[in-house]
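Trainee: Got a minute? I'd like to walk through this one with you.
Mentor: Sure, pull it up and ask away.
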Amino acid sequence: MNATNSAPTSDVLSLAQGSAAPVTESCASCSVYRATNLKKLGVVMDSSDFVIALAGNPNTGKSTVFNALTGLRQHTGNWPGKTVARAEGGYAYAGKRFKLVDLPGTYSLLSTSLDEQIARDFILFGQPDVTVIVADATRLERNLNLVLQILEITDRAVVCLNLMDEAKRHGITVDERQLARDLGVPVVPTAARYGRGLPELLQAINDVAAGEVVCRPQRLEADPAAIRPALADLVGELKAAFPELPNPRWIALRLLSGDDSMVEALRSGQLGTLHASAIAEPNQA
Ligand SMILES: Nc1nc2c(ncn2[C@@H]2O[C@H](COP(=O)(O)OP(=O)(O)OP(=O)(O)O)[C@@H](O)[C@H]2O)c(=O)[nH]1
Ligand SMILES: [Mg+2]
């Protein structure tokens, strides 16, 4: 956190007001708002009960998990308005229909790369019922960076601790129960290539989606005193300018950190108008 590198609050407000779409009655938690955002992010809810995002570092087995869960019930295309490939599929479990969206592999959600923006926007605005974070058990420390970033945005997540066969081969053991306690979300060890752990993963996704397991994710400790007043001001201004914005605190923290992509999203109106027309309809192959 670099409080000295912050965008002046008044600038942010003027950016927000300059680009703000008409304020509607919607709010971030409304299902209509969420369904509208999901549509603009390329997901049509149709008859699905739950939307599940698959996130993770590159090459951790996301697509292997995706293929194993959805089988042939999937289609590919591009992210709306982007040339980045996306895959979406469905499966049924415990009498419910789940829509699964494979996000681009990323090491972080904080840089300006298109992949990271797509993953960040989907989790932030699409508000998936569960975000499954596929982590490589052989490189857990590096993978936990993204896990912790995602847990700052959403409190509905499951960690899929994949490549457990490789970890075992290298003599690496992971205390997944302790990890689950430390992270505050379920952790399911898997070897997706061999189908191992996938029944448990399906159960954990279902439990979180249905609210049978309530996550208490590990978050940053109290905000540093030096930025507390600026953060409170900015959150208030964001809420006033964009009442429908999910997680304004997280967005305010990004702005205070000097996140150019977030400033640009505000300036271009992308943040404020995700509920309107900034994102084109899905472009499916
Ligand atoms: N040994 C082992 N290999 C796996 C496992 N899961 C996936 N793989 C392999 O890891 C490689 C990468 O898997 P993908 O599913 O393409 O990974 P990804 O996360 O979708 O990769 P990107 O989309 O490029 O980020 C493939 O060769 C998979 O067969 C596993 O549990 N064990
Ligand atoms: Mg993939």
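Mentor: We'll go from the whole chain to one strand and then to the ligand.
Mentor: First, the ground rules: this is a predicted model, where local features need pLDDT of at least 70, side-chain atom pairs count only at pLDDT 80 or more, and totals for chains, interfaces and linings use all residues. Residues are numbered from 1 along each chain as its sequence is written, chains are lettered from A and ligands numbered from 1 in the order in which they are written, and side-chain values use heavy atoms, leaving out hydrogens and water.

Trainee: OK, how many helices and strands does the protein chain have?
Mentor: There are 11 helices and 8 strands. Those are DSSP runs numbered from the N terminus, with helices being H or I of at least four residues and strands E of at least two.

Trainee: And what percentage of the residues count as buried?
Mentor: 52% of the 285 residues. Buried means under 20% relative accessible area, with a 1.4 Å probe and protein chains only.

Trainee: What about strand 4, is it enclosed or not, and why?
Mentor: Strand 4 (residues 96–102) is largely enclosed by the rest of the structure, because 5 of its 7 residues are buried.

Trainee: Which way does strand 1 run against strand 4, parallel or antiparallel?
Mentor: Strand 1 (residues 50–56) runs parallel to strand 4, with 5 bridges joining them. Strands pair if DSSP finds at least two bridges between them. As an example, look at alanine 53, which sits opposite valine 101 of strand 4.

Trainee: And strand 3?
Mentor: Strand 3 (residues 85–93) pairs with strand 4 in the antiparallel sense, over 7 bridges. Glycine 89 has leucine 100 in strand 4 as its bridge partner. These two strands form a hairpin with 2 residues between them, and alanine 94 in the turn has a positive phi of about 50 degrees.

Trainee: Switching topic: how many residues surround ligand 1?
Mentor: 14, and the closest are Lys62, Ser63, Thr64, Asp165 and Ala192. A residue is near a molecule if one of its heavy atoms lies within 4 Å of it.

Trainee: Which element gives the largest share of that shell?
Mentor: Helix 3, with 3 residues. By class, the shell has 4 nonpolar, 6 polar and 4 charged residues.

Trainee: Where does aspartate 165 come in?
Mentor: An N or O atom in the side chain of aspartate 165 is 2.8 Å from a nitrogen atom of ligand 1. Arginine 193 has a polar side-chain atom 3.2 Å from an oxygen atom of ligand 1.

Methods. Buried < 20%, exposed > 50% of the residue type's maximum accessible area, 1.4 Å probe, protein only. Polar contact = N/O pair within 3.5 Å; in protein donor to acceptor, adjacent residues only side chain to side chain. Nonpolar A, V, L, I, M, F, W, Y, C, P; charged D, E, K, R; others polar.
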